[in-house]
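Here's a quick briefing for anyone about to set up calculations on this one. Have a look at the structure first, then we'll go through it by topic.

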Amino acid sequence: MPRAAAKKTARKGTGASKRATASDAAPRAPRKLTKAQLIAELNKDLAKEFAALIQYVQHAAALTGPQYGAIQAELVVHSNEEHMHAISLSDQIDFLGGVPAVDVGDIHISPDSKTMLELDLDGELDAIVRYKERVAQAEMLQEYGLRRALEDILIVEEEHARDLQDALEL
Ligand SMILES: [Fe+2]
Ligand SMILES: [Fe+2]
């Protein structure tokens with residue numbers, strides 16, 4: 001979606017706790033790990049992709065309020081992109097000699113539309129941290145094809161976070 005023409009520079013209200021932003025999602029120092037451990041981490045990422053795609057389907061349907069019309073359509077796009085991430089991760093896990101898992105991570109829903117978007121943003125910021133770490137781990141194991149696939153996913157997660165931040169006027 002197009003970026004908001006005029007981003008707010010001041011936070012509305014007082015005493016609002018500062019929310020993390022995509023640029024705050026600093027990479028953790030990559031832990032040394034074996035290929036088997038990397039496959040296990042990728043399977044955890046895969047479970048979170050399945051959860052995210054379901055969460056976006058639910059939120060796109062349940063979100064209400066005229067101010068959320070644009071982001072509602074965007075959540076459907078996000079869901080489809082999480083599906084593509086699940087396919088990419090599954091292919092990479094198989095290529096590395098692992099078995100792609102079919103677990104689904106925790107799904108977060110709310111009766112409140114703003115809370116839904118905040119929950120979605122929390123998930124994206126978590127994904128950005130995880131994929132930055134995973135890119136570094138792929139690099140460490142000289143799995144350059146995997147690194148490229150993970151970088152492509154990371155770029156999309158950063159776009160997702162920006163879409164949600166714009167909708168939340170952060
Ligand atoms: Fe994703
Ligand atoms: Fe995402």
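How far apart are the iron ion (ligand 2) and the iron ion (ligand 1), and which residue coordinates both? They sit 3.9 Å apart, and the shared residue is E82. Keep in mind that this is a predicted model, with a mean pLDDT of 88 for the protein chain.

**Iron ion (ligand 1)**

- The donors here are E49 (OE), counted twice, plus E82 (OE), H85 (ND1) and E157 (OE), at 2.0 to 2.4 Å.
- Along the sequence, those donor residues follow the spacing E-x32-E-x2-H-x71-E.
- H85 belongs to helix 2 (residues 69-95) and E157 to helix 4 (residues 144-167), so this pair ties together parts that are 72 residues apart in sequence.
- Both H85 and E157 are buried.

**Iron ion (ligand 2)**

- This ion takes E124 (OE) twice, along with E82 (OE), E157 (OE) and H160 (ND1), at 2.0 to 2.3 Å.
- The donor residues read E-x41-E-x32-E-x2-H in sequence.
- E82 in helix 2 and H160 in helix 4 are 78 residues apart, and the pair links distant parts of the chain.
- E82 is buried, and H160 is buried too.

**The bridge**

- E82 is the residue to keep an eye on: it bridges the iron ion (ligand 1) and the iron ion (ligand 2).
- E157 also turns up in both donor lists, with an OE atom on the iron ion (ligand 1) and an OE atom on the iron ion (ligand 2).

**Helix 2 against helix 3**

- Helix 2 packs on helix 3 (residues 113-140) at an angle of about 30 degrees, and their axes are 13 Å apart.
- With angles under 35 degrees counting as roughly parallel, that makes helix 2 roughly parallel to helix 3.
- The two helices cross in a left-handed way.
- On the helix 2 side the contact is made by I71, L75, E82 and L89, and on the helix 3 side by L117, D120, E124 and Y131.
- Two of those contact residues are familiar from the metal site: E82 and E124 both coordinate the iron ion (ligand 2).

**How far to trust the model**

- In the protein chain, 82% of residues reach a pLDDT of 70 or more.
- Residues 1-17 are another matter, with pLDDT staying under 50 throughout.
- For that stretch, the model has 15 contacts beyond four places in sequence.

Conventions: Residues numbered from 1 in each chain as written. Chains lettered and ligands numbered in written order. Predicted model: local features only at pLDDT ≥ 70, side-chain atom pairs only at ≥ 80, totals over all residues. Heavy atoms only, no water. Donors = N, O, S within 2.8 Å, 3.2 Å for Na, K, Ca; no water. Helix = DSSP H or I, 4+ residues; strand = E, 2+ residues; numbered from the N terminus. Buried < 20%, exposed > 50% of the residue type's maximum accessible area, 1.4 Å probe, protein only. pLDDT = per-residue confidence, 0-100. Contact = heavy atoms within 4.5 Å. Axes fitted to C-alpha atoms, helices over the stretch in contact; angles between N-to-C directions. Parallel < 35°, antiparallel > 145°, perpendicular 65-115°, else oblique. Left-handed = near helix turned anticlockwise from the far one by under 90°.
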